[in-house]
Amino acid sequence: MTKFLGARYVQSRKFESEWLASGDPGPQEARFVVETLDDQKPIGWVGLHPGFPENRTAGLGIAIGEHEFLDGGYGTDTMRTVCRFGLEMMNLNRIELSVFDWNTRAIRVYEKVGFKHEGVARDAMWKANRWHQLVHMG
């Protein structure tokens, strides 16, 4: 899963569980577990990370870590839900994210829910022994 994230090192399920449970959604951060509808099986996480409240902007991070659920619409549904939460409940004006240029599945989801390409940062991240481009979207 770390292939798709900015994280360089593998994180244990225990760490991820504790990180998700460490705080309730609020003005500084809103983190949620992504679950299946049928049996509430945890399959990923999503978070909004506001920098400065006066800017009414937040960065978004999402991961669907269970591979059998990658093409089931969970990413799209999660993106729509968390963006609605951020805009309506957190009073955000802007939500932004960065994604590896080769992660076309994620880019399609982001475009589907309304994100626009705002630029590309060349050689922005060193990972897996090579430089990667990051697409900035908002």
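# Reading the labels on a predicted model

Trainee: I gather that five aromatic pairs turn up in this structure. What kind of structure am I looking at?

Mentor: A predicted model. Let's take a pair that involves tyrosine 110 and phenylalanine 115.

Trainee: Why is the pair of tyrosine 110 and phenylalanine 115 called tilted?

Mentor: Start with the distance: the ring centres are 6.2 Å apart, and rings pair if their centres lie within 6.5 Å. Then the angle: the planes meet at 55°, while stacked needs under 30 degrees and edge-to-face needs over 60. The value of 55° fits neither, so the pair is tilted. Both residues are buried, by the way.

Trainee: And what makes tryptophan 126 and tryptophan 131 an edge-to-face pair?

Mentor: Their centres are 5.2 Å apart and their planes are at 65°. That angle is over 60, so the label is edge-to-face.

Trainee: How do you know whether those two tryptophans are buried, exposed or partly exposed?

Mentor: Tryptophan 126 has a relative accessible area of 36%, and tryptophan 131 has 44%. Buried means under 20% and exposed means over 50%. Both values fall in between, so both residues are partly exposed.

Trainee: Back to phenylalanine 115. What does it touch?

Mentor: Leaving out residues up to four places away in sequence, phenylalanine 115 touches Met79, Cys83, Ile95, Glu96, Leu97, Tyr110, Met137 and Gly138. Phe115 is also among the residues with the most contacts inside the largest nonpolar core, together with Leu48, Leu60, Met79, Leu97, Val99 and Tyr110. That core has 26 residues. Elements giving two or more residues to the core include strand 1 (30-35), strand 2 (42-50), helix 2 (74-89) and helix 3 (104-112).

Trainee: How do you know which residues of helix 3 sit on the same side?

Mentor: Look at the buried ones: Ala106, Ile107, Val109 and Tyr110. They cover an arc of only 160° around the axis, which puts them on the same side of helix 3. Arg108 and Lys112 are exposed on the other side. An α-helix has 3.6 residues a turn, so residues three or four places apart point the same way.

Trainee: What covers those buried residues of helix 3?

Mentor: The cover includes strand 3, helix 2, strand 4, strand 5 and strand 6.

Trainee: Take valine 109 from that helix. Why does it count as buried?

Mentor: Its relative accessibility is 15%. Buried means under 20%, so valine 109 passes. Skipping residues up to four places away in sequence, valine 109 touches Gly75, Thr76 and Met79. Valine 109 and threonine 76 are 33 residues apart in sequence, yet 5.7 Å apart in space, C-alpha to C-alpha.

Trainee: What about a loop residue such as threonine 36: buried or exposed?

Mentor: Threonine 36 lies in the loop between strand 1 and strand 2. With 5% relative accessibility against a limit of 20%, it counts as buried. Its contacts beyond four places in sequence are Lys41, Ile43, Phe69 and Tyr74.

Trainee: And alanine 128, why is it called exposed?

Mentor: Its relative accessibility is 70%. Exposed means over 50%, so the label fits. Alanine 128 belongs to the loop between strand 5 (117-127) and strand 6.

Trainee: What makes the phi of alanine 128 worth a second look?

Mentor: It is positive, about 55°, although alanine 128 is not a glycine. Most residues other than glycine have a negative phi. Asparagine 91 also goes positive, at about 60°. Asparagine 91 sits in the loop between helix 2 and strand 4 and, with a relative accessible area of 46%, is partly exposed.

Trainee: Last one: how do you know where the predictor is confident?

Mentor: Check pLDDT, which runs from 0 to 100. The chain mean is 87, with 82% of residues reaching 70 or more. Among the elements, strand 4 has the highest mean, 97, and helix 1 (residues 13-21) the lowest, 65. Over residues 1-5 the pLDDT is below 50.

Note on methods: Residues numbered from 1 in each chain as written. Predicted model: local features only at pLDDT ≥ 70, side-chain atom pairs only at ≥ 80, totals over all residues. Heavy atoms only, no water. Core = buried A, V, L, I, M, F, W, Y, C linked by side-chain atoms within 4.5 Å. Buried < 20%, exposed > 50% of the residue type's maximum accessible area, 1.4 Å probe, protein only. Helix = DSSP H or I, 4+ residues; strand = E, 2+ residues; numbered from the N terminus. Contact = heavy atoms within 4.5 Å. Phe/Tyr/Trp six-rings, centres within 6.5 Å; stacked < 30°, edge-to-face > 60°. Arc of directions from axis to C-beta.
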